[in-house]
Amino acid sequence: MALVLRNIYQTFNYFFTEYKDPRVENYPLLGSPWPIVVIIVLYLQFVSNWGHRIMENRTPFQLTTVMNTYNLIQIVMNLYIGIVGGLNSYFAVDYSWSCEPISQKDSPSRQKLIFVTYLYFISKIIDLLDTVFFVLRKKYNQITFLHTYHHAGMVVATYIFTKFLAGSHATLLGLINSFVHVIMYFYYFLTSFKPELKRSLWWKKHITQVQLIQFTILMLHFGVPLVGEYCDFPKVLLFIGFTQNMFMFTLFADFYIKAYIKQNKNISRN
């Protein structure tokens with residue numbers, strides 16, 4: 001057993017030493033993976049256990065001002081990531097639209113792209129507060145498997161991407177996702193001032209449709225070069241990118257069907 005654990009440790013140590021991107025070495029939380037592991041474990045424990053115990057005999061917190069500030073920060077942050085990231089990747093002269101391999105280019109545009117990639121990673125950690133707010137407000141029905149899996153999974157995925165793959169073919173995921181989050185948090189911001197919008201299926205339905213379009217684009221982005229075999233990007237990463245977005249598409253499509261299609265049928269029958 002000790003030998004197995006030592007081999008696993010040596011393998012991970014080799015991987016993190018040989019394949020790390022030196023351009024991000026000095027950024028906080030991008031060294032050892034253990035801080036990220038701790039963050040995820042604490043998040044899952046709070047969501048599934050500790051938070052419920054803390055709130056068991058308490059009235060729900062009113063977090064209107066806190067959440068308005070949070071939503072506004074998310075809008076500005078994600079808009080900045082999307083615009084600056086796009087200008088310094090797909091609209092830069094040294095970036096390929098069809099396939100950008102893993103490299104360690106160090107041009108001024110690439111440095112800006114690395115910085116917003118790091119911001120994107122930080123934004124996924126900040127996103128965990130969505131669930132914390134649900135717990136503190138006792139909105140337990142909104143803490144679904146899809147919600148928790150998506151938030152925890154994105155922290156892990158963006159850590160790996162920022163540490164090893166920054167500026168590569170997978171950049172499109174962060175750019176599209178940032179603009180989707182601008183729309184989402186703008187909706188949340190509006191509903192704090194106009195609560196009646198929460199009862200409008202139009203907004204929620206179209207936000208989910210945008211998310212489905214996002215996953216469709218990303219499935220094509222990873223799937224086409226995987227099948228075409230013209231991209232100098234690891235096939236295993238293309239496969240993971242494709243299957244992960246297919247999985248997310250399936251989860252969101254299932255939610256969409258249950259929340260809007262079946263619900264509309266039930267309403268029309270009644």
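How many nonpolar, polar and charged residues are there, by class, in the lining of the second largest pocket? The tour below reaches that answer at its second stop. The structure on display is a predicted model.

**First stop: the largest pocket**

Begin by selecting F134, Q142, Y187, Y188 and K204, the residues closest to the centre of the largest pocket among the 49 that line it. The volume of this pocket is about 1,500 Å³. Next, colour the helices around it: α3 (64–87), α5 (129–136), α6 (145–165), α7 (171–193), α8 (201–228) and α9 (235–269) each give two or more residues to the lining. Helix α7 deserves attention here, as the largest share of the lining, nine residues, comes from it. If the lining is then coloured by class, 23 residues appear as nonpolar, 18 as polar and eight as charged.

**Second stop: the second largest pocket**

Now select A157, I160, F161, L165 and I240, which lie nearest the centre of the second largest pocket. In total, 36 residues line this pocket, and the space within it is about 870 Å³. Helices α6, α7, α8 and α9 each contribute at least two residues to its lining. Select α6 in particular: with 11 residues, α6 gives the most to this lining. Colouring by class answers the opening question, since the lining of the second largest pocket holds 22 nonpolar, 11 polar and three charged residues.

**Third stop: a nonpolar patch on the surface**

Turn to the surface and select L79, I83, L87, F91, W97 and F179. Together these residues form a nonpolar patch with about 650 Å² of accessible area. Helix α3 supplies the largest share of the patch, three residues.

Within the patch, centre the view on L87, which is located in helix α3. Is L87 buried or exposed? Its relative accessible area is 52%, and L87 is therefore classed as exposed, the cut-off for that class being over 50%.

**Fourth stop: V76 and V182**

Remain on helix α3 and select V76, which also lies there. V76 has a relative accessible area of 53% and is therefore exposed. Finally, add V182 to the selection and display the C-alpha atoms of both residues. How far apart are V76 and V182 in sequence and in space? They are separated by 106 residues in sequence, while their C-alpha atoms are 7.8 Å apart in space.

Methods
Residues numbered from 1 in each chain as written. Predicted model: local features only at pLDDT ≥ 70, side-chain atom pairs only at ≥ 80, totals over all residues. Heavy atoms only, no water. 1 Å grid on protein atoms, 1.4 Å probe; cavity = no way out; pocket = protein on both sides within 12 Å on 5 of 7 lines; lining within 4 Å. Points joined across faces, edges and corners; volume = space filled by probe spheres on them. Helix = DSSP H or I, 4+ residues; strand = E, 2+ residues; numbered from the N terminus. Nonpolar A, V, L, I, M, F, W, Y, C, P; charged D, E, K, R; others polar. Patch = residues over 30% accessible without salt bridge, like charges linked within 9 Å, V, L, I, M, F, W, Y side chains within 5 Å. Areas by Shrake-Rupley, 256 points an atom, 1.4 Å probe, with all protein chains shown as cover. Salt bridge = Lys/Arg side-chain N within 4 Å of Asp/Glu carboxyl O. Buried < 20%, exposed > 50% of the residue type's maximum accessible area, 1.4 Å probe, protein only.
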